[in-house]
Amino acid sequence: MRNTTTRGILQRLSEGIVQGAEGYVFELERRGYIKAGPYVPEVVLDFPEAVKELHREFLRAGSEVMVALTYYAHREKLKDVGRENDLERMNRQAVRLANEIAREGDALVAGNICNTWAYDPGNAGETSRLVRAMYEEQLTWAVEEGIDFVISETNDYLGEALIALEVIKQFGLPAMVTLASVQSNATRDGYDYVEACKMLEDAGADIVGLNCDRGPETMLPIVEKIRSTVNCYVAAQPVPYKTTAFNPTFESLCTHAGEHAFPLALEPFLYNRFEMAAFARRARAIGVNYIGICCGGAPHYVRAMAEALGKTVPASKYSPAMELHPMLGTHVEDKDQNFLATWKN
Ligand SMILES: [Zn+2]
């Protein structure tokens, strides 16, 4: 357990919105440190300075949570890249790196577990044991290295999410459990997203919600229903891509040539920082407690969101001052307000 005087996640949430930031795997792939396809965070061992730098950039931009980069650092995935023997080292190192940078500010450290691709509701008994063992070993190492709470995320199955929650609770830690929302209304094991969040709350989750897959426009309507259904804290960490009613997830976006844009050709669909700032305001208005960003996320979004939520963060020192530009000279805030006027309410 971390031995710090930092306020814990539940205390912070009771006092106001907590801002998170994720998308480490996507961003480090773009920077040339992670291989697309397997998406295993080998960078943790191979280029730890690159991980620390991104943590630091998110911290300076306003993230209050350093999420240990253990996404896909589980036994099943490491087998795919022949690094099963690095499993423990990779997990421990990821938590150490997150702690090192969290101490540069007043951030919390979240242990991170995710969908395993091993869970099969058709063979729930056997696969549940496998999944549970993976989560237990990951969180044993994370707890020994020091974490404040755990984020279980991109859960495709409620069944797998409930296993994650049970394991987190075994360690006595606050649990944030968020669902992937790849399908239109329900998890892959057939639970409506809203109903599934309620069941997670009933099973002891402290924070429930959605992360990844959907951009703000298609995520917020579901999150709004979750907010009105559960009593616990709610999290929303969308991807910064323009998903629509027709293409509700970033996996479904297509290029002009009709090919899948996911995951390597998504740039034309990116939101700008003003739009993500508007998302943060909208999420606050709905009553979301944990506001973040997922794959595609980058520090300029996080800072714009933090400032939209009324915060001044370390990176605000270098926030735009376009009035000082010799030719442009227009005030950035005006654009922000214009966008807000067009954002659906
Ligand atoms: Zn994501």
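Contact means heavy atoms within 4.5 Å. The exercises below use that term.

This is a predicted model: local features need pLDDT of at least 70, side-chain atom pairs count only at pLDDT 80 or more, and totals for chains, interfaces and linings use all residues. Residues are numbered from 1 along each chain as its sequence is written, and side-chain values use heavy atoms, with hydrogens and water left out.

**Exercise 1. Describe the protein chain as a whole.**

Step 1. Take the contacts with a separation of 6 or more. Residues 24 or more positions apart account for 75% of them.

Step 2. List the secondary structure. The chain has 13 helices and eight strands. Helices (H or I, at least four residues) and strands (E, at least two) are DSSP runs, numbered from the N terminus.

Step 3. Check compactness. The radius of gyration is 19 Å, close to the 20 Å from the globule rule for 345 residues, so the chain is as compact as a globular protein of that length. The radius is taken over C-alpha atoms, and the rule is 2.2 Å times the number of residues to the power 0.38.

Step 4. Look at burial. Of the 345 residues, 58% are buried. Buried means under 20% relative accessible area, with a 1.4 Å probe and protein chains only.

**Exercise 2. Place Ser63 and find its partners.**

Step 1. Locate it. Ser63 sits in the loop between α4 (48-61) and β2 (65-67).

Step 2. Is Ser63 buried or exposed? Ser63 is buried, at 3% relative accessible area.

Step 3. Find the polar atoms around its side chain. The backbone nitrogen of Ala21 is 3.4 Å from the side chain of Ser63. The backbone oxygen of Val65 lies 2.9 Å from a polar atom of that side chain.

Step 4. Name its contacts. Leaving out residues up to four places away in sequence, Ser63 touches Gln19, Gly20, Ala21, Phe58, Ala107 and Val302.

**Exercise 3. Do the same for Asn91.**

Step 1. Asn91 lies in helix α6 (residues 87-102).

Step 2. Asn91 counts as buried because its relative accessibility is 2%.

Step 3. Which side chain makes a polar contact with the side chain of Asn91? The side chain of Gln138 does, at 3.1 Å. A polar contact is a pair of N or O atoms within 3.5 Å; within protein, one must be able to donate a hydrogen and the other to accept it, and residues adjacent in sequence count only if both atoms are side-chain atoms.

Step 4. Beyond four places in sequence, Asn91 touches Thr70, Ala73, Gln138 and Trp141.

Notes:
Buried < 20%, exposed > 50% of the residue type's maximum accessible area, 1.4 Å probe, protein only.
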